[in-house]
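Please open the structure in a viewer and keep the sequence at hand. The tour below proceeds by selection, and each stop states what is to be found there.

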Amino acid sequence: MTQVASPAPVLTRFGAVVRAARDARPLTSLSGDQLAMGLSGLCLVHCLASTILFASIASVGVAFDNHLFHEVGLIIAIGFALVTLVSGVLSHGYMMPFAVGSFGLGMMAGALSRPHDGSEVLATMIGVAVVALGHDLNRRARH
């Protein structure tokens, strides 16, 4: 006799997805640090994707070789850092998240002055990761 699979496992998985969606927090309830960490992740994706794109299509690299985009991104990162990391120091009193985040911003700023030989991408990605670490330390210190 052939047995037919029960639909119960599918319904159980669907129920878990529905519960997870129902219990998820809306975007407006994210803290500034969580939003900044998400933007740091998007920055990392941008760095990796543009490096792969430029390596595969060398002629496109000249069209996107505009420092203004990266300078504006750095200004936005500094703005988020000022708002979230400084408010974190004022609320929990720990300087470490601010120091780590500031060091990462310095690495990102220093990467702007590097030649476009791939080292600036690596320096930017490391700086972004350090800034994200500062935001994570800040988020943990608040709780």
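**First stop: helices α4 and α5**

Select helix α4, residues 67-92, together with α5; their axes come within 10 Å and cross at roughly 170°. An angle over 145 degrees counts as roughly antiparallel, and α4 is therefore roughly antiparallel to α5. Please bear in mind throughout that this is a predicted model.

Next, display the side chains at this contact. From α4, the residues to select are His67, His70, Glu71, Leu74, Ala77, Ile78, Ala81, Leu85, Val86, Val89 and His92. Their counterparts in α5 are Pro97, Phe98, Gly101, Leu105, Met108, Ala109 and Leu112. Coloured by class, the contact of α4 with α5 shows 13 nonpolar, four polar and one charged residues.

**The whole chain**

Zoom out to view the fold. The protein chain contains six helices and zero strands, and along the sequence the pattern reads α-α-α-α-α-α. Of its 143 residues, 25% count as buried. If contacts between residues at least 6 apart in sequence are considered, 74% of them join residues at least 24 apart.

**Second stop: helices α5 and α6**

Now select residues 96-112, which form α5, and residues 119-142, which form α6. At what angle do α5 and α6 pack? The angle is about 165°, and the axes lie 7 Å apart. This value makes α5 roughly antiparallel to α6. The crossing of the two helices is left-handed.

To see the contact itself, show the following side by side:

- On α5: Met96, Pro97, Val100, Gly101, Phe103, Gly104, Leu105, Met107, Met108 and Ala111.
- On α6: Glu120, Ala123, Thr124, Ile126, Gly127, Val128, Val130, Val131, Leu133, Gly134, Leu137 and Asn138.

By class, the contact of α5 with α6 comprises 15 nonpolar, six polar and one charged residues.

**Third stop: Gly104**

Remain in α5 and centre the view on Gly104. Is Gly104 buried or exposed? Gly104 is buried, with a relative accessible area of 0%. Measure the C-alpha to C-alpha distance from Gly104 to Gly127: the two residues are 23 apart in sequence and 4.2 Å apart in space. With neighbours within four places in sequence left aside, Gly104 is in contact with Gly127, Val130 and Val131.

**Fourth stop: Ser40**

Which helix holds Ser40? Select residues 32-56, helix α2, and Ser40 will be found within that selection. Ser40 has 9% relative accessibility; the limit for a buried residue is under 20%, so Ser40 counts as buried. Apart from neighbours within four places in sequence, Ser40 is in contact with Val128, Val131 and Ala132. Val131 has already appeared in this tour, among the contacts of Gly104.

**Fifth stop: helices α4 and α6**

Return to α4 and display it with α6. Here the packing angle is about 35° and the axes are 10 Å apart. The crossing of α4 and α6 is left-handed.

For the contact residues, select Phe80, Ala81, Thr84, Leu85, Ser87, Gly88, Val89, Ser91 and His92 in α4. Across from them in α6, select Gly134, His135, Asn138, Ala141 and Arg142. The contact of α4 with α6 divides into five nonpolar, eight polar and one charged residues.

**Last stop: the salt bridges**

How many salt bridges does the structure hold? There are two, and the next selection shows them.

Select Asp136, Arg139 and Arg140. Arg139 forms a salt bridge with Asp136, with the closest N and O atoms 2.6 Å apart. Both residues belong to α6, three residues apart, about one turn of the helix. Asp136 also meets Arg140 in a salt bridge, at 3.0 Å from N to O. Asp136 and Arg140 likewise lie in α6, four residues apart, again about one turn of the helix. Through shared partners, the salt bridges join Asp136, Arg139 and Arg140 into one network.

To finish, colour these residues by accessibility. Asp136 is buried, with a relative accessible area of 14%. Arg139, at 22% relative accessibility, counts as partly exposed. Arg140 is exposed, with a relative accessible area of 55%.

Technical notes: Residues are numbered from 1 along each chain as its sequence is written. This is a predicted model: local features need pLDDT of at least 70, side-chain atom pairs count only at pLDDT 80 or more; totals for chains, interfaces and linings use all residues. Side-chain values use heavy atoms; hydrogens and water are left out. Axes are lines fitted to C-alpha atoms, for helices over the stretch in contact, and angles run from 0 to 180 degrees between N-to-C directions. Angles under 35 degrees count as roughly parallel, over 145 as roughly antiparallel, 65 to 115 as roughly perpendicular and the rest as oblique. A crossing is left-handed if the near helix is turned anticlockwise from the far one by less than a right angle, and right-handed if clockwise. Contact means heavy atoms within 4.5 Å. Ala, Val, Leu, Ile, Met, Phe, Trp, Tyr, Cys and Pro count as nonpolar, Asp, Glu, Lys and Arg as charged, and the others, Gly among them, as polar. A salt bridge is a side-chain nitrogen of Lys or Arg within 4 Å of a carboxyl oxygen of Asp or Glu. Buried means under 20% relative accessible area, exposed over 50%, partly exposed in between (1.4 Å probe, protein chains only).
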